[in-house]
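Trainee: Got a minute to go through this one with me? I'd like to start with the terms and then get to the structure.

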Amino acid sequence: MTKTRLSIFPLPGALLFPRMQLPLHIFEPRYRAMVTDSLARDRRIGMIQPRPTLREEPGKPVPLFDIGCVGRIAEVEALDDGRFDIVLEGLSRFRILRELEVTTLFRQVEAELIADPEDEVLALGERASLELESRRFAEAQGYAVDWSAVSRLDDEALVNGIAQIAPFDPAAKQALLETDNLSARAELTVQLMQFFSRHDSDEGTLQ
């Protein structure tokens with residue numbers, strides 16, 4: 001088990017996977033401080049989602065999911081007013097072990113890095129099912145997609161790319177992040193696209 005100290009960026013709906021990229025616009029003072037600190041050290045930031053809560057408790061930090069993904073700042077543009085545009089490149093999923101007591105504006109944790117398999121591939125039927133359901137979902141959502149470019153993506157980029165950009169709720173996105181292999185994530189992605197398509201259709205019928 002590899003333990004590490006991470007500065008974390010809690011952001012609902014924002015997923016990062018190893019070997020994927022995530023563009024971010026940084027404007028809050030605490031996260032501007034986090035980016036400045038990261039650039040001066042190891043360029044790493046831990047992306048994690050807050051847990052949905054019915055109400056926030058004053059004086060207490062928002063609770064977090066246990067698993068996130070650490071990314072390295074691969075691109076950065078410092079804007080004149082102190083904001084940043086950055087691109088994170090996913091390095092490894094992580095599991096929070098404990099939150100650290102710090103004096104920084106941003107939160108920090110001790111985490112263990114999760115060793116994920118590389119070069120995973122889907123069975124032909126899994127790939128075909130994912131592409132078919134993706135087309136149905138995109139058409140239902142009114143998205144314009146370059147399907148020829150999609151067909152050239154490797155399996156990992158396709159599965160994780162859908163997980164990152166699809167308009168699923170934070171709990172569904174977290175479930176995708178927490179799956180431990182590509183085949184299971186592809187199967188769950190198909191199920192979520194089918195579920196959310198039915199849900200949208202039902203809402204349209206009730207209106």
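Mentor: Sure, terms to begin with: helices (H or I, at least four residues) and strands (E, at least two) are DSSP runs, numbered from the N terminus. This is a predicted model, where local features need pLDDT of at least 70 and side-chain atom pairs count only at pLDDT 80 or more, while totals for chains, interfaces and linings use all residues. Residues are numbered from 1 along each chain as its sequence is written, and side-chain values use heavy atoms, with hydrogens and water left out.

Trainee: OK, so where is valine 102 found?

Mentor: Valine 102 lies in the loop between β5 (84-99) and β6.

Trainee: And what does valine 102 touch there?

Mentor: Setting aside residues up to four places away in sequence, valine 102 touches Arg5 and Gln108. Contact here means heavy atoms within 4.5 Å.

Trainee: Is valine 102 buried, exposed or partly exposed?

Mentor: Partly exposed, with 29% relative accessibility. The cut-offs are under 20% relative accessible area for buried and over 50% for exposed, with partly exposed in between (1.4 Å probe, protein chains only).

Trainee: How far is valine 102 from aspartate 119 in space?

Mentor: Their C-alpha atoms are separated by 38 Å, with the two positions 17 residues apart along the chain counted as the offset. Aspartate 119 belongs to the loop between β6 (108-114) and α2. At 73% relative accessibility, aspartate 119 is exposed.

Trainee: What about the backbone at aspartate 119, is phi positive or negative?

Mentor: Positive, about 60°, although aspartate 119 is not a glycine. Arginine 19 is also a residue other than glycine with a positive phi, near 70°. You'll find arginine 19 in the loop between β1 (2-10) and β2 (21-26), and at 39% relative accessibility it counts as partly exposed.

Trainee: Let's zoom out. How many helices and strands does the protein chain have?

Mentor: Six helices and six strands. Reading from the N terminus, the order is β-β-α-β-β-β-β-α-α-α-α-α.

Trainee: Why call the chain as compact as a globular protein of that length?

Mentor: The radius of gyration is 18 Å, close to the 17 Å that the globule rule gives for 207 residues, so the chain is as compact as a globular protein of that length. That radius is taken over C-alpha atoms, and the rule is 2.2 Å times the number of residues to the power 0.38. Along the principal axes, the C-alpha atoms fill a box of roughly 50 × 45 × 40 Å.

Trainee: What share of the residues is buried?

Mentor: 41% of the 207 residues. As for contacts with a separation of 6 or more, 67% come from residues 24 or more positions apart.

Trainee: Now the inside. How many residues are in the largest nonpolar core?

Mentor: The largest nonpolar core has 24 residues, and Leu130 and Phe168 have the most contacts inside it. At least two residues each come from α2 (124-141), α4 (155-165), α5 (170-178) and α6 (182-206). α6 gives the largest share, six residues. By nonpolar core I mean a set of buried Ala, Val, Leu, Ile, Met, Phe, Trp, Tyr and Cys residues joined through side-chain atoms within 4.5 Å.

Trainee: Which residues is phenylalanine 168 in contact with?

Mentor: Leaving out neighbours within four places in sequence, phenylalanine 168 contacts Phe137, Lys173, Leu176, Thr189, Leu192, Met193 and Phe196. There's also a second, separate core of 17 residues, and Leu24, Ile45, Met47 and Phe84 are among them.

Trainee: Back to leucine 176 for a second. Which helix is it found in?

Mentor: Helix α5. Leucine 176 is buried at 0% relative accessibility. Beyond residues up to four places away in sequence, leucine 176 touches several residues, including Phe17, Ala163, Arg185 and Leu188.

Trainee: And isoleucine 162, buried or exposed?

Mentor: Buried, at 12% relative accessibility. Isoleucine 162 is part of helix α4 and touches Leu130, Ser134, Thr189 and Met193, not counting residues up to four places away in sequence.

Trainee: One last residue: what does glutamate 156 touch?

Mentor: Pro18, Arg19, Gly161 and Leu182, again not counting residues up to four places away in sequence. Glutamate 156 sits in helix α4 and is buried, with a relative accessible area of 16%.
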